[in-house]
Amino acid sequence: MKKTDIILCAAILAGAAVWLLFLSIKTSDNLTAHIYIKGDLHASVDTSNTAELYDTGTNLVQIESGGVYMLFSTCRSQDCIRMGKITRPGQMIVCLPNRVIVMLDGAGEAQYDAVAG
Ligand SMILES: [Zn+2]
């Protein structure tokens, strides 16, 4: 095998590995974060291809690949901060004093349940 052939092979393998990684990320992180403030839906953010901070005015919601958590809150109890990161459809973070709700949904649950049986 010539040196150029080896380099070409390595490049193709590396490309395939990246592509597989990309596919697995796409299928496992199909989550949408819905942010409600005082009962109204203010934002729906796809978590799979973003990393952003959403400011509700009272709370800072960190949205990142595969999960969402409350980064900051003005509430006295700080219960919403203690709930930590939610990563599965149907899970939610509630800040009662500030009336902020962050909810996850997506196709991830159906896929996960199909695999788990
Ligand atoms: Zn709170």
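**Figure 1. Hairpin of strand 3 and strand 4, from a predicted model.** Three residues lie between strand 3 and strand 4 in this hairpin. Gly57, in the turn, has a positive phi of about 105 degrees. The two strands run antiparallel and are joined by four bridges. One of the residues to look for is Asp55, whose bridge partner in strand 4 is Leu60.

**Figure 2. The open sheet that contains strand 3, strand 4 and strand 5.** The sheet has three strands in the order 3-4-5, and the pairing is antiparallel. Strand 3 (52-55) and strand 5 are the edge strands, each pairing on one side only. On average, neighbouring strands of the sheet are turned by 25 degrees against each other, direction ignored. Strand 4 and strand 5 pair over six bridges, in the antiparallel sense. Asn59 has Ser73 of strand 5 as its bridge partner.

**Figure 3. Surroundings of Phe72 in strand 5.** Phe72 belongs to strand 5, which covers residues 67-73. Is Phe72 buried or partly exposed? Phe72 has 14 other C-beta atoms within 10 Å, so it counts as partly exposed; a buried residue would need 20 or more. Setting aside neighbours within four places in sequence, Phe72 is in contact with Asn59 and Leu60. Gln62 is 10 residues away from Phe72 along the chain, and the C-alpha atoms of the two are separated by 8.9 Å.

**Figure 4. The largest nonpolar core and the contacts of Met70.** This core has 13 residues. Ala33, Val61, Val68, Met70 and Val102 are those with the most contacts inside it. Two or more residues come from each of strand 1 (31-37), strand 4 (59-64), strand 5, strand 6 (92-95) and strand 7 (100-106). In soluble globular proteins, nonpolar side chains tend to be buried together. Not counting residues up to four places away in sequence, Met70 touches Asn59, Val61, Cys80, Ile81, Met83, Ile93 and Cys95.

**Figure 5. Strand 6 and its hairpin with strand 7.** The side chains of strand 6 alternate along its length. Ile93 and Cys95 point to one face and are buried, whereas Met92 and Val94 point to the other face and are not buried. Strand 6 pairs with strand 7 in the antiparallel sense, over four bridges. Opposite Met92 stands Met103 of strand 7. The hairpin has four residues between the strands, and Arg99 takes a positive phi near 55 degrees.

**Figure 6. The whole predicted model, for orientation.** The protein has three helices and seven strands. Read from the N terminus, the elements follow the order α-β-β-β-β-β-α-β-β-α. Of the 117 residues, 15% are buried. Among contacts with a separation of 6 or more, 27% are between residues 24 or more positions apart. The average pLDDT is 86, and 84% of the residues score at least 70. Over residues 108-117 pLDDT stays under 50. For this stretch the model has nine contacts beyond four places in sequence.

Technical notes: Residues are numbered from 1 along each chain as its sequence is written. This is a predicted model: local features need pLDDT of at least 70, side-chain atom pairs count only at pLDDT 80 or more; totals for chains, interfaces and linings use all residues. A residue is buried if 20 or more other C-beta atoms lie within 10 Å of its own, exposed if 12 or fewer, and partly exposed in between; C-beta atoms are placed from the backbone. Two residues are in contact if their C-beta atoms, placed from the backbone, lie within 7 Å. A nonpolar core is a set of buried Ala, Val, Leu, Ile, Met, Phe, Trp, Tyr and Cys residues joined through C-beta atoms within 7 Å. Two strands pair if DSSP finds at least two bridges between them. Axes are lines fitted to C-alpha atoms, for helices over the stretch in contact, and angles run from 0 to 180 degrees between N-to-C directions. pLDDT is the predictor's confidence in each residue, from 0 to 100.
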